[in-house]
Amino acid sequence: MRVPQTPLRALDRAVNLFPRKAAVVCGNTRMNYVGFANRVNQLSRALASLGVVRGDRVAYLSYNCHRLLEGYFGVLQVGAILLPLNIRLRPNDFVTILNHAGARILMVHPDFLPVIEAIRTRLETIEHYILLEPAEGCDWPLYDDLLAAQPQTPYPRPSIDEDDVAELFYTSGTTGRPKGVMLTHRNLYNLALQVVGALKYEEADVYLHTLPLYHANGWGAPHTVTYVGATHVIIPRFRADVVLRMVEAERTTIAYMVPTMVIDLLNHPHLHRYDLRSMRAIVVGGSAPSPSMVREVTERLGWQFISAYGLTENSPVATFAFLRSWHDDLPLEERYRILACAGQPMPGIEAKVVDDHGREVPRDGRTPGELLLRGDTVMKGYWNDPEATAEAIRDGWLHTGDIATIDEDNYITIVDRKKDIIISGGENISSIEVENILYAHPDVLECAVIAVPHDRWGERPLALVVPKGDPSKPGDLAGRLIAWCRERLPHFKAPDAVVIVESLPKTGTGKIQKSVLRNQYRDWYATKGV
């Protein structure tokens, strides 16, 4: 028997097996799975009443909230395509994305009304603007009113082809025009099954949404958590104090984070006041964590630290780092090093690392090459962009653009993004390797290492560091950090300069924007004469 693979089956299962189980906690709103499914059905009917049909794009511009979570099922039920927008993009980016995607419906949180009003005349395809929450002076239809006008009975779903596009996520566009990643029903269904198995999700789990849902659906959480009947706890956006409070109040058990979020938690001044024992694990990805971060989370918080790697084009998770039975006798520091790497491919994912000629590199854990992936969760392609699709998927493999090593046990370590590798005097320097050394220093809160043009060496590494103390009183921290690096790295890898800064630019998901830093500091060595 062939049953279409669609993430809608996750909600069907939750309603059938866990109807009275707490499904969603969002501010003052609490729903069980029957109540959640009822709202999903109302949303589908409301969209259909507005003329939405199979293949139409429905866009959301919103913080995390239960209404956006409802879209992950209600939009798909109509056969339409969900398009969550990165709230931190510029107005021109919204124009580009919405017009390129041909979105017909735009759901907007009141905070973003001024942005949309300013560009509304340039949006070519939007037919209906819907307000997600009440806003004074706005006469747009209100989301909850549209739902209230519809019955809660199950929506008569059209036949769904598992290869139909279910979700459309636009990349950040830091290297050019944003590209729309097409994730199919089949991609998302398989991701849910793979993550449930890998992370051992259970009905008793309480998942805290710390990552924005516009970011490749918060690493697949809407469907994964729902599939097992676990509870979604939703906060609008990440704040360390809010996360700590919700962990204690809702007894959350698991969350996904990027390294900058973990840093904020570990350095919160009142961390010790909260009861955080309910958390069994955090999954950390988005950028490579350091072994020192793994040690701190493990020893100070008692949480299992699971490093993950992925990209939007892979739905997005591809690997997890777990210790295996043959690691039992390793020293702690070596175990932390393994837990900080990207890990091994999930079931259903194949990976290889190749050189510039497409040949697999030795599995020695040292030889770098580009990481390639293939499997059930790799995207269908880029929306209306066959050239970019053909460039990304070649010979049946997704070319990630990430430089990695792979060892004899298939453990993958991300060395750098291709664009972040520093080539100094003909030698390759991994910015991640230098950052890991800096993060091990007790006075470093955050850091980023970038390539900066250099007259003699072509490029040299420059370190930007946010200290744990007062950045206006750095003392000789820069000099001490240079010495720290030179004691632990070959001198050609150590930065020649360290710049103490108050903060580092970040994306909406908390990833440090090295492209911004490279542009800001591109003349550093030329003007400083270092």
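Mentor: Rings of Phe, Tyr and Trp (its six-membered ring) pair if their centres lie within 6.5 Å; planes under 30 degrees apart count as stacked, over 60 as edge-to-face and the rest as tilted. The model is predicted: local features need pLDDT of at least 70, side-chain atom pairs count only at pLDDT 80 or more, and totals for chains, interfaces and linings use all residues. Residues are numbered from 1 along each chain as its sequence is written, and side-chain values use heavy atoms, with hydrogens and water left out.

Trainee: How many aromatic pairs does a search of the whole structure find?

Mentor: The search runs over the whole structure. Its count of aromatic pairs is 8.

Trainee: What type of aromatic pair do Tyr189 and Tyr227 form?

Mentor: Their rings lie 6.4 Å apart, centre to centre. The planes make an angle of 70°. That geometry is edge-to-face.

Trainee: Which parts does the pair tie together, and how many residues apart are they in sequence?

Mentor: Helices (H or I, at least four residues) and strands (E, at least two) are DSSP runs, numbered from the N terminus. Tyr189 belongs to helix H7 (residues 185–199), Tyr227 to helix H8 (residues 216–227). So the pair ties H7 to H8, and the separation in sequence is 38 residues.

Trainee: Does Tyr189 count as buried or exposed?

Mentor: The cut-offs use relative accessible area: buried is under 20%, exposed over 50%, partly exposed in between (1.4 Å probe, protein chains only). Tyr227 comes out at 16%, which is buried. Tyr189 has 9%, so Tyr189 is buried.

Trainee: At what angle are the planes of Trp219 and Tyr256?

Mentor: The ring centres of Trp219 and Tyr256 are 5.4 Å apart. The pair is tilted, because the planes are at 40°.

Trainee: Where in the chain does that pair sit, and how many residues apart?

Mentor: Trp219 is in helix H8 and Tyr256 in strand E11. The pair thus links distant parts of the chain, with a gap of 37 residues.

Trainee: What is the relative accessibility of Tyr256?

Mentor: Trp219, its ring partner, is buried with a relative accessible area of 6%. Tyr256 is buried too, and its relative accessibility is 1%.

Trainee: Which residues do ring pairs link into a cluster?

Mentor: Trp219 and Tyr256 are two of the members. With the remaining ring added, the cluster is Trp219, Tyr256 and Tyr207.

Trainee: The charged end of which residue sits over the ring of Trp484?

Mentor: A charge sits over a ring if NZ of Lys or CZ of Arg is within 6 Å of the ring centre and within 35 degrees of the ring normal. One case is Arg120 over Tyr129, 4.1 Å from the ring centre. Over Trp484, 3.4 Å from the ring centre, sits the charged end of Arg488.

Trainee: How many residues of helix H10 are buried?

Mentor: H10 spans residues 259–266 and is mostly covered. Its buried residues include Met261, Val262, Ile263, Leu265 and Leu266. Of its 8 residues, the buried number is 7.

Trainee: Which helices do the buried residues of H10 pack against?

Mentor: Contact means heavy atoms within 4.5 Å. The strands met are E11 (254–257), E12 (281–284) and E24 (444–454). The helices are H9 (240–250), H11 (291–301) and H14 (431–439).

Trainee: What is the phi of Arg251?

Mentor: In H9, buried residues include Ala240, Leu244 and Glu250. Their cover includes strands E1 (22–26) and E2 (29–32), along with H10. H9 is followed by Arg251, with a positive phi near 55°.

Trainee: What is the omega of the peptide bond joining Ser315 and Pro316?

Mentor: Pro316 lies in the loop between strand E13 (304–310) and strand E14 (317–321). The bond from Ser315 is cis, with omega about 5°.

Trainee: Does Asn384 count as buried or exposed?

Mentor: Asn384 lies in the loop between strand E18 (381–382) and helix H13 (386–392). Its phi is positive, near 50°. At 58% relative accessibility, Asn384 is exposed.

Trainee: What is the phi of Asn410?

Mentor: Asn410 sits in the loop between strand E20 (397–406) and strand E21 (412–417). At 25% relative accessibility, Asn410 is partly exposed. It is not a glycine, yet its phi is positive, about 70°.

Trainee: Which residues does His66 touch, not counting residues up to four places away in sequence?

Mentor: His66 is found in helix H3 (residues 66–77). Its relative accessible area is 4%, so it is buried. Leaving out residues up to four places away in sequence, His66 touches Val24, Cys26, Thr29, Met31, Arg39 and Ile234.
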